[in-house]
Amino acid sequence: MSDTTTDTIFGKIIRGEIPSEFIYEDEHCIAIHDVNPQAAVHALVIPKKAIARLVDASADDQVLLGHLMLAVGKVAEQLGVADAFRLVVNNGADAGQTVFHLHLHIIAGQVFSEQKL
Ligand code: AMP
């Protein structure tokens with residue numbers, strides 16, 4: 001299910017078909033603010049390649065997956081939360097995934113130390 005033609009709202013955002021403010025963009029990914037934030041800071045890092053779920057990534061995506069992690073660091077720095085954030089990937093509907101285009105949630109702006117999940 002790693003399919004560059006898979007279409008979701010994130011595909012439309014990446015292609016500019018739905019207006020959205022990119023808070024970060026490079027050759028391989030974008031970042032946007034989550035429309036329904038779960039914390040004071042809630043951003044999404046989204047690869048331009050449409051991979052439906054994390055488990056649908058293949059060995060060919062190894063460099064891309066590392067790139068996304070480095071982009072998370074850059075976006076967290078940019079948002080001023082590099083010292084404390086959670087990084088979440090929901091994989092599959094039963095795990096809460098609602099948009100089937102891989103994305104990484106950067107969640108910050110609250111103290112998580114007492115809350116393990
Ligand atoms: P998930 O449930 O892990 O698939 O996360 C999907 C996330 O995308 C949710 O947190 C939504 O609030 C967010 N979302 C859906 N549509 C948009 C949009 N147009 N712009 C920004 N975030 C969105």
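This is a short group-meeting talk about one protein chain and the ligand it holds, based on a predicted model.

Okay, hi everyone. Keep in mind as I go that this is a predicted model.

Let's start with the overall layout. We have 2 helices and 5 strands in the chain. If you walk along the sequence, they come in the pattern α-β-β-β-α-β-β. So how compact is the chain? Its radius of gyration is 14 Å, and the globule rule gives 13 Å for 117 residues, which is close, so the chain is as compact as a globular protein of that length. For a sense of scale, the C-alpha trace spans about 40 × 30 × 25 Å along its principal axes.

Sequence separation is worth a quick word too. Take the contacts between residues at least 6 apart in sequence: 56% of them join residues at least 24 apart.

Now the inside. Buried residues account for 39% of the 117 in the chain. The largest nonpolar core has 19 residues, and the ones with the most contacts inside it are Val45, Leu68, Val75 and Ile106. Which elements give two or more residues to this core? Those are strand S2 (29-33), strand S3 (41-47), helix H2 (62-79) and strand S5 (104-108). H2 gives the most, with 6 residues.

If you want one residue to click on, try Val75. Leaving out residues up to four places away in sequence, Val75 touches Ile23, Tyr24, Ala31, Ala43, Val45 and Ile106. And there's a second core, separate from that one, with 8 residues; Phe10, Ile32, Leu44 and Ile46 are included in it.

On the outside, the accessible surface of the chain is about 6,800 Å², and carbon and sulfur atoms make up 54% of that.

Right, the ligand. There are 16 residues around the ligand, and the ones that come nearest are Asp34, Asn90, Gly96, Thr98 and His105. His105 also puts a polar side-chain atom 2.8 Å from a ligand oxygen. His103 has a polar side-chain atom too, and that one sits 2.9 Å from an oxygen atom of the ligand. With Val99 it's the backbone instead: a polar backbone atom there is 3.0 Å from a ligand oxygen.

And how much of the ligand does the protein bury? On its own the ligand exposes 510 Å², and the protein buries 82% of that.

So, if you have the structure open, two places to look: Val75 among its contacts, including Val45 and Ile106, and then the ligand, with His105 among the residues that come nearest. That's it from me, thanks.

How values were computed:
Residues numbered from 1 in each chain as written. Predicted model: local features only at pLDDT ≥ 70, side-chain atom pairs only at ≥ 80, totals over all residues. Heavy atoms only, no water. Core = buried A, V, L, I, M, F, W, Y, C linked by side-chain atoms within 4.5 Å. Buried < 20%, exposed > 50% of the residue type's maximum accessible area, 1.4 Å probe, protein only. Helix = DSSP H or I, 4+ residues; strand = E, 2+ residues; numbered from the N terminus. Contact = heavy atoms within 4.5 Å. Near = heavy atom within 4 Å. Polar contact = N/O pair within 3.5 Å; in protein donor to acceptor, adjacent residues only side chain to side chain. Areas by Shrake-Rupley, 256 points an atom, 1.4 Å probe, with all protein chains shown as cover. Rg over C-alpha atoms; globule rule 2.2 N^0.38 Å.
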